[in-house]
Structure formats: C-alpha cells, structure tokens
2 protein chains.
Amino acid sequence: MLPIKMEEKLDPRVKRTRELLEKAFMEVINEKGFQTITVQDITERAGVNRATFYAHFADKFALLDHSIRQQFIQEIDKRMLNACHFTMDNLRNLIIAVCEFIRNANSKCKPAQSQFETLVEAQVKEVLYDLLLKWLEQARTSTEPEIAATATSWAIYGLALQWSHTKKPEAVEKFADEVLPLIASNLQLVEAA
Amino acid sequence: MLPIKMEEKLDPRVKRTRELLEKAFMEVINEKGFQTITVQDITERAGVNRATFYAHFADKFALLDHSIRQQFIQEIDKRMLNACHFTMDNLRNLIIAVCEFIRNANSKCKPAQSQFETLVEAQVKEVLYDLLLKWLEQARTSTEPEIAATATSWAIYGLALQWSHTKKPEAVEKFADEVLPLIASNLQLVEAA
DNA sequence: GCTCCATTGTTGCTTAGGCAACAAAAATTC
DNA sequence: GAATTTTTGTTGCCTAAGCAACAATGGAGC
C-alpha cells in the first residue's frame, strides 16, 4: 500500500516492466556507476526492449528520479504501517524515515554524488508534501493546507539533513522525539472536538 | 545454453511469462500441494492473467510436466558445461545428473507422490532420448541412432532408479564409474579414425 | 435430489511490449 | 579534425498479454 498515490490498478504489464527496469537499474548502477551506464545496459539487463524503456522514462535521469522516489516511498512503507492519516506516531515515524533515508543515501553514494543530493532533496520533499497534504486535508487547520505542508516538508528535510551531518546515527529516535513538537506545530492543526 | 533445444530466440515476453508461471507454480505447490491448487492460485501468484496461462499450458498437469522437464534440464545444465556433443565425461555427468534428479524428486515428493514418478520417468527419458540422439547423429554408430538412443535412455533411467532405491547417495560418482562402460556400449559407437 | 458457488476453458477486443529501421547526436579512434 | 563507432530517441508494424464476459463443469452443503 503506497502512502501517496493509492495503487491505481495499473496494468500488470506496466508494473512488471517498471519493476524490471528499476531492478536492473540498481544492479547496473552498482557495477558501473551512473555516469557510464547507457540505456542499453539497463534494458539488456532487464530483458526489456529499449523502445519500451522510452515509453516509460524520458531518459536515464528520469529513471534515476523515479528510482530515488520509489526508494524513499519504500522507506516510508517500511516504517509506517498506516500512513493514510495523521497521528503523532505516524509523524514521528515519518521523521525517522527521512533521517534514515538521507543517511543511507549519503553512505551509499559517498563518492562524487553530491550531484545526487539535489535530486534526493527534490524527490523527498515532493513525497513529503503530498503525504502531509493528504493528512491535512482530512483534518482541521488554521492555515491553508498547502502552506502548512510546504513549511513542514521543508522543515523536516532541513532538520533531517542537519542531523545526518552532525549527530550519530544511533540517536534517530531521540532526535525525532526532540524535533517532533516543533514539526507538529508547523502543521497548524486545530484540535477537533 | 540448453542442451536439448537450442534457445530458439523466443519472444522475451513469452520467456518472462513462462518463468513467472513456473516460479509461482513451485511456490504454490509447496504451500498447498498439487491436488488442491487451482489455475487461479498459480496465475494470481505469478501476476499473470488466467487467459494467458491457457495460451501456454493446457492445464495444471501440463505445467507440471513442463516443470519437471525444466528442472531436469536444469540439473543437466548444472553438471554439464558443454552437452552439445558426446564425450565419456559428458555421459558420466549425464548419469550422475539422472541419479541426483531422481534422488531429489523422491526426497521432496515423499508423501503420496508415486503418482508423480510416472511423470518424472516419462519426462526424463524423453529428454535423455533427445540429447543422446543429438550426440549419436554427430557420430558413427553401428545401429540406427534412434534404436541406440532408446535403449540407452531406458538403461540409464532404470539403473539410476535402482541406484536411488538401494545405494547410498554418497556413492553417485562411484556408481557412475561402475555403469559407465555398460551404458557406453549401448550407444553402439564406432571409433572414428 | 437440489441449489449455490468456485473453477474451468474459451472468446473478442484492447493495450503494452518486441522488433527493426531510421536519423541525429555523442563519443572514439586514428 | 575527420572518420568511425556508439548511443540515442523515434516510428510503424506485429505479437503477446490483459480483461471481461460467457457457458460449462464440478463439487460442497442442505
């Protein structure tokens, strides 16, 4: 159950092809690095026609974007059994998910991948925004949901990034507890009767 | 490289679908047993449409046949790097492959699967026949290749089955060495200058 | 017996994927 | 820097897979 988009009953063939491409992409990228790989490398590994690749992604950069996004969504799924609505616990898990994701991204892509950081940031904030917006639309807020969602997504990412640079990884939960009230206040939620 | 049929450049989609069905079949069969599973179970697990199943197999029995055959072919592939032509070593490995395959089949399908033994026998002998025939057609024989291939395939299977009932599994290689001359004589090969 | 429900095969129609060929853009090589 | 190869996107045509609906079969339960 994806937290953002509910699975829109997409054609099994499409699902299969995307998964094959994503899987192959991760494999090949770990062997040769992003710069050197070609679309051919990916499609050959995936056992998918090259023309089919272009039916799904504009180029390998688009696949990279999509891949980052999917991995982050998976990170969320892993940590939040029910992300459909807001609870303090869900919010806490969400913060932890962002921290862990950034930490993994940094550790995996250490060499010369500061290029990736921008992409990661963009994807993560987008997913965060969508999820938070969904939560806020189901609740009462004292601000426009779009405003609160933007502020909160930026705040979460900024804090998580800072944490990943300074704090030790063991303290994720502690860190989450620390910033939870601050983040929550960004949501501008009004208590319901 | 399959030993029997050279890979006839079959459509990637066909290959994919068959593999998905085979994989799902093995999974489901290990969970519920062959009798109780339905075609739906298999196709749902595989993520393949039920109609597509029937485009490939007449029914679950046909898939069972195909599955047994494939597993035996895999057993051969595992043990024979180059099965394209006859050598004493290839023949020895072939004998070992049959022994191991029967042993595995018996150990896995202990309960109430004597029904399967007939199917296993049929498939194994068929694959053996095809492979031996290919070998013999590349060589000089003092008999019709079809005759020699039939006799040899039956002989190999019979001996392997007897071995699986009586001898201890450790002695596969020893057993193979023991029967190798006898089996080889069945091939009716004439030494080439 | 009977109904009810699940499963089976089959069918026509739609959609996604494979393939080959192409021109254009990058890289390589020399 | 010219020539050659590789890679890239794109296209039209063909085939395989998805889907929904159907009648038919076959149990399971009453």
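Colleague: Which side chain has an N or O atom 2.8 Å from a base nitrogen of DNA strand D?

Modeller: That is Arg50(A). Keep in mind that this is a predicted model.

Colleague: What about phosphate oxygens of strand D, which side chains reach those?

Modeller: Arg16(A) has a side-chain N or O atom 2.5 Å from a phosphate oxygen of DNA strand D. Tyr54(A) is another, with a polar side-chain atom 3.5 Å from a phosphate oxygen of that strand.

Colleague: How many residues surround strand D, and which are the closest?

Modeller: There are 22 residues around DNA strand D. The closest are Arg16(A), Arg50(A), Arg13(B), Thr17(B) and Thr52(B), so both chains appear in that list.Colleague: Which helices do they come from?

Modeller: In chain A, helix H1 (12-32), helix H2 (39-46) and helix H3 (50-56) each supply at least two residues of the surface near DNA strand D. In chain B, helix H1 (12-32) and helix H3 (50-56) each do so too. H3(B) gives the most, with four residues.

Colleague: What is the split between backbone and bases on the strand D side?

Modeller: Of the atoms of DNA strand D within 4 Å of the protein, 63% belong to sugar or phosphate. The rest belong to bases.

Colleague: And the residue classes near strand D, what are they?

Modeller: Eight charged, seven polar and seven nonpolar residues make up the surface near DNA strand D.

Colleague: Now strand C. Which residues are closest there?

Modeller: Arg13(A), Thr17(A), Thr52(A), Arg16(B) and Arg50(B) are the closest, out of 22 residues that surround DNA strand C. By class, the surface near DNA strand C has seven nonpolar, seven polar and eight charged residues.

Colleague: Which helix gives the most to that surface?

Modeller: H3(A), with four residues. H1 of chain A also supplies at least two, as do H1, helix H2 (39-46) and H3 of chain B.

Colleague: What polar contacts with phosphate oxygens can you list for strand C?

Modeller: Among them, Thr52(A) has a polar side-chain atom 2.7 Å from a phosphate oxygen of DNA strand C. From chain B, a polar side-chain atom of Gln40(B) lies 3.2 Å from a phosphate oxygen. Val39(B) uses a polar backbone atom, also at 3.2 Å from a phosphate oxygen. Of the atoms of DNA strand C within 4 Å of the protein, 64% belong to sugar or phosphate.

Colleague: Change of topic. How are the two protein chains related?

Modeller: A rotation of 180° with 0.1 Å of shift along its axis superposes chain A on chain B, with an RMSD of 0.0 Å. That is the relation of a two-fold axis.

Colleague: How much area is buried between chain A and chain B?

Modeller: About 350 Å², with carbon and sulfur atoms giving 42% of it. In chain A, Arg16(A), Leu20(A) and Gly47(A) lose the most area to chain B, together 84% of what that side buries.

Colleague: How many residues are in contact across it?

Modeller: Five residues of chain A are in contact with five residues of chain B. Because 100% of the interface residues of chain A are also interface residues in chain B, the copies meet through the same surface.

Colleague: How many salt bridges and polar contacts are there across that interface?

Modeller: Zero salt bridges are found between chain A and chain B. Two residue pairs are in polar contact, both at pLDDT 80 or more. The side of chain A that touches chain B has three nonpolar residues, one polar and one charged.

Technical notes. Residues are numbered from 1 along each chain as its sequence is written. Chains are lettered from A and ligands numbered from 1 in the order in which they are written. This is a predicted model: local features need pLDDT of at least 70, side-chain atom pairs count only at pLDDT 80 or more; totals for chains, interfaces and linings use all residues. Side-chain values use heavy atoms; hydrogens and water are left out. A residue is near a molecule or strand if one of its heavy atoms lies within 4 Å of it. A polar contact is a pair of N or O atoms within 3.5 Å; within protein, one must be able to donate a hydrogen and the other to accept it, and residues adjacent in sequence count only if both atoms are side-chain atoms. Ala, Val, Leu, Ile, Met, Phe, Trp, Tyr, Cys and Pro count as nonpolar, Asp, Glu, Lys and Arg as charged, and the others, Gly among them, as polar. Copies are superposed by least squares on the C-alpha atoms of residues with pLDDT of at least 70 in both. Contact means heavy atoms within 4.5 Å. Buried area is the accessible area (1.4 Å probe) that two parts lose on being put together, summed over both. A salt bridge is a side-chain nitrogen of Lys or Arg within 4 Å of a carboxyl oxygen of Asp or Glu.
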